[in-house]
Amino acid sequence: MMVATMFATLLANTLLGIPLFLTLIVTALVGFVFVDPGMVARMMPQQFFGGLNSFSLMAIPLFILAGNLMNACGMTERLMRVARLLVGHLRGGIGHVNVVGSVFMSGVNGSAAADASALGALLVPAMTREGYSTAFAAGLTAGSSLIGPIIPPSIFMILYSAQTNTSVGQLFLGGVVPGLLLALAFMAMNALHARRAGLERRTTLPAMSEVFTAVRGALPALVAPFIIVAGIVLGFVTPTESGALTVLYVALCGLAMGELRPGAFWRAVVETTRLAAAIFMIIGISSVISWELAYAQAPDRFAGLLEPFIDSPVIVLLLLSAITFVTGMFMEEVSALMLLSPVFTPVALAAGIDPVALGIIITLNITIALITPPMGACLFIAAAVSRLDITVLFRTIWPFILTAVAVLLVLILFPGLITWLPETLG
């Protein structure tokens, strides 16, 4: 009764358009009606700040700041030039640049929304000039932005790690192959569209000297992901320390190139503060709701419902993915991840599912929800930067969603694609 009432409260407030943090607070207060109203003043602040009391969570604003500084330093444009020289000569080259650019960008900021806004403003107009429809250009921008939270670093993976005590380094390594598979899937989709639409090649194969010059100019941005992942995996730094080093590295590169101005630095800090504050507010109140669900023994009851399928890891993953996907359609992604991870993890471990594989699959599920109507944040960003009516994008986004779901199904059927790299590198 308690869980059903809390879910109904959450859904009703969401549909009414009430701000998310207020929706979560009201849901938490409804939960205390069933737990013990007298515990609100004591347990709510305790669980709220307890959910934030994790050293690894400090990495989130640092990685966001690193991505914002990279944009302020002009590194994004340098990465786009490299991507254009690598794949721009192919049929539908500017669409391939969109996807490869997302791969490059994902190595620093770990945010789909940041990729969608940064790349959309640059590439959607360029794609329409080269013969793409605005709807396809916006859809590909939204779809390729999903690569951001999969290829390390990833804000979602840091959150999952904090909830389940899974190694961040192992999660980061586990996301590499799925992220590249997602990129290849969207590039194949773009190539098929380009052929059907009769788009021609716009450029010739670039000279090696031109590629070398572009790579040298973008080298500071290209090196950043290796600093992040190698430092964590080799045990030299924690994720938080890695985030701090990345911010310092990007800032020093910007100063050395003479492209980081005080005004741009301040705007990056302000934007980071705004986004991090929203994320931490959601984390804190979601921790309260998670405690209430644990108090009501919701994880144990959920495990009981899935007990008939516990001998089949594939079926368990399919069921968990379906629940995550539907939840993500109607709930903000950070809160969905915070609420579902503690409930799903015991069930998955009982079914013999590797916690790293579970983390990547949940992350990908939550990420796909970013482009799924009606709540997908990246849909609204892509529509805004392309000046496209959101209802049009709601109708045309489904092929991109199905492409991402196809990759998800491959990972569920072959989880070794996720665990291979973490196991190989130890």
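**Exercise 1.** State which helices are included in what covers the buried residues of helix 9.

*Solution.* The cover includes helix 4 (59-72), helix 10 (168-174), helix 14 (262-295), helix 17 (333-350) and helix 18 (355-368). Cover is judged by contact, meaning heavy atoms within 4.5 Å. Helices are DSSP runs (H or I, at least four residues), numbered from the N terminus.

The model is predicted: local features need pLDDT of at least 70, side-chain atom pairs count only at pLDDT 80 or more, and totals for chains, interfaces and linings use all residues. Residues are numbered from 1 along each chain as its sequence is written, and side-chain values use heavy atoms, with hydrogens and water left out.

**Exercise 2.** Decide whether helix 9 is largely enclosed, and give the grounds.

*Solution.* Step 1: buried means under 20% relative accessible area (1.4 Å probe, protein chains only). Step 2: the buried residues in helix 9 are I155, F156, M157, I158, L159, Y160, S161 and T164. Step 3: these make 8 of the 10 residues of helix 9 (residues 155-164), so the rest of the structure largely encloses this helix.

**Exercise 3.** Describe what stands at each end of helix 9.

*Solution.* At the N-terminal end, S154 acts as a cap, with a side-chain oxygen 3.4 Å from the backbone nitrogen of F156. After the helix comes N165, which has a positive phi, near 60°.

**Exercise 4.** Place helix 9 in the context of the chain.

*Solution.* Step 1: the chain holds 22 helices and 0 strands. Step 2: of its 426 residues, 55% are buried. Step 3: its C-alpha atoms fill a box of roughly 70 × 45 × 45 Å along the principal axes.

How values were computed: Helices (H or I, at least four residues) and strands (E, at least two) are DSSP runs, numbered from the N terminus. Buried means under 20% relative accessible area, exposed over 50%, partly exposed in between (1.4 Å probe, protein chains only). A polar contact is a pair of N or O atoms within 3.5 Å; within protein, one must be able to donate a hydrogen and the other to accept it, and residues adjacent in sequence count only if both atoms are side-chain atoms.
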